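Colleague: Could you take me closely through one part of this model, the sheet that both chains build, and then show me how the rest of the contact between the chains fits around it? I would love one connected walk-through.

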Amino acid sequence: MSVDSVFVHKMWNDNELSKMVQGGVPFPMLSDGGGRVGTAYGIYDADAGVETRGRFIIDPDGVVQGYEVLTPPVGRNVMESFRQVQAFQLVREKKGAEATPSGWKPGKMTLKPGPDLVGKVWEVWKTSMAFDD
Amino acid sequence: MPEEFKPGCARPTGGPVGEEPILTEKGEEMEKTTREVKQAMIQVGKKAPDFSAPAYHQGKFINVKLSEYLGKWVLLCFYPGDFTFV
């Protein structure tokens, strides 16, 4: 979503993005002229008249589970967004019985919060697990 | 799900859904373009503000409403503008 019109979105997709992604952008390119939606989400820069690089993860109940906002010159990490969605999906599936520690990604161990784990995380989880192998 | 629309010469716009009308001193609803909206960061764990917005998708112009995606995971990405490089 940006403040550009759907006409400009079409030009950008048809003339540039479709040369990077086969078949063009697979998801809807939303238009927010005036930045009213961006304002509702807190990421509209009224001084510049544009939206900043805000990314929101919204769950199936319509609840915001996480967000990240960057200034214009730094691009996002798509894999990190996917990792966070996968983590939120796991937590939702386990109905909160499991939590994903720092650096978790699919295949890595989860933690089961409860009385027995209090003060014992150090026994089962090592700081090296927070980093990629 | 999103419905296709035929664009006219006016630039299509959308906005938040279910927004409270702001009344002027005379009790009339204030023009959406002249109202000042207070901006605050939204909170995690709270409902995402619903909105309706025009979109370009696979050769068509459609109207997208966030609440139509209930039941699915949504990644909503804002960016400064088309052709902004990164």
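Modeller: Happy to! In this predicted model, let us start at Arg55(A), which stands opposite Glu68(A) of strand E5(A). That pair belongs to a longer run: strand E4 (residues 53-58) of chain A and strand E5 (residues 64-70) of chain A are antiparallel and are joined by 6 bridges. The two strands form a hairpin with 5 residues between them, and in this hairpin Gly62(A) has a positive phi near 85°.

Now look at Arg55(A) again, this time towards the other chain. Arg55(A) also stands opposite Cys77(B), a residue of E5(B). Here E4(A) and E5(B) run antiparallel, with 4 bridges between them. Strands of a sheet pair through backbone hydrogen bonds, in either a parallel or an antiparallel way. Put together, the strands make an open sheet of 3 in the order E5(A)-E4(A)-E5(B), and the pairing is antiparallel. The edges are E5 of chain A and E5 of chain B, each of which pairs on one side only. On average, neighbouring strands in this sheet are turned by 10° against each other, leaving direction aside.

A helix packs on this sheet as well: H3 (residues 78-93) of chain A touches E4 and E5 of chain A as well as E5 of chain B, and its direction makes about 20° with that of E4(A). H3(A) is 16 residues long and spans 23 Å from first to last C-alpha, close to the 22 Å expected at 1.5 Å a residue. Just after H3(A) comes Lys95(A), with a positive phi of about 50°.

The chains also pair at a second place. Strand E1 (residues 29-30) of chain A pairs with E3(B) in the antiparallel sense, over 2 bridges. Within that pairing, Leu30(A) has Ala55(B) of E3(B) as its bridge partner.

Stepping back to the whole contact, 46 residues of chain B are in contact with 52 residues of chain A. On the chain B side, the elements that give two or more residues are strand E2 (15-16), strand E3 (51-57), strand E4 (60-65) and strand E5 (74-77) of chain B. The most comes from E3(B), with 6 residues. Sorted by class, this side of chain B holds 30 nonpolar, 11 polar and 5 charged residues.

And what is chain B like by itself? Chain B has 5 strands and 0 helices, and along the sequence its pattern reads β-β-β-β-β. Of its 86 residues, 16% are buried. Among the contacts in chain B between residues at least 6 apart in sequence, 63% join residues at least 24 apart.

Finally, a word on confidence before you go back to the bench. Chain B has an average pLDDT of 87, and 87% of the residues score at least 70. Among the elements of chain B, the highest mean pLDDT belongs to E5(B), at 98, and the lowest, 90, to strand E1 (residues 3-4) of chain B. For the complex, the predictor gives an ipTM of 0.94 and a pTM of 0.88. As a general caution, predicted coordinates should not be read in detail where pLDDT is low.

Methods:
Residues numbered from 1 in each chain as written. Chains lettered and ligands numbered in written order. Predicted model: local features only at pLDDT ≥ 70, side-chain atom pairs only at ≥ 80, totals over all residues. Contact = placed C-beta atoms within 7 Å. Nonpolar A, V, L, I, M, F, W, Y, C, P; charged D, E, K, R; others polar. Pairing = 2+ DSSP bridges. Buried ≥ 20, exposed ≤ 12 C-beta atoms within 10 Å, placed from the backbone. Axes fitted to C-alpha atoms, helices over the stretch in contact; angles between N-to-C directions. pLDDT = per-residue confidence, 0-100. Expected span 1.5 Å × (residues − 1).
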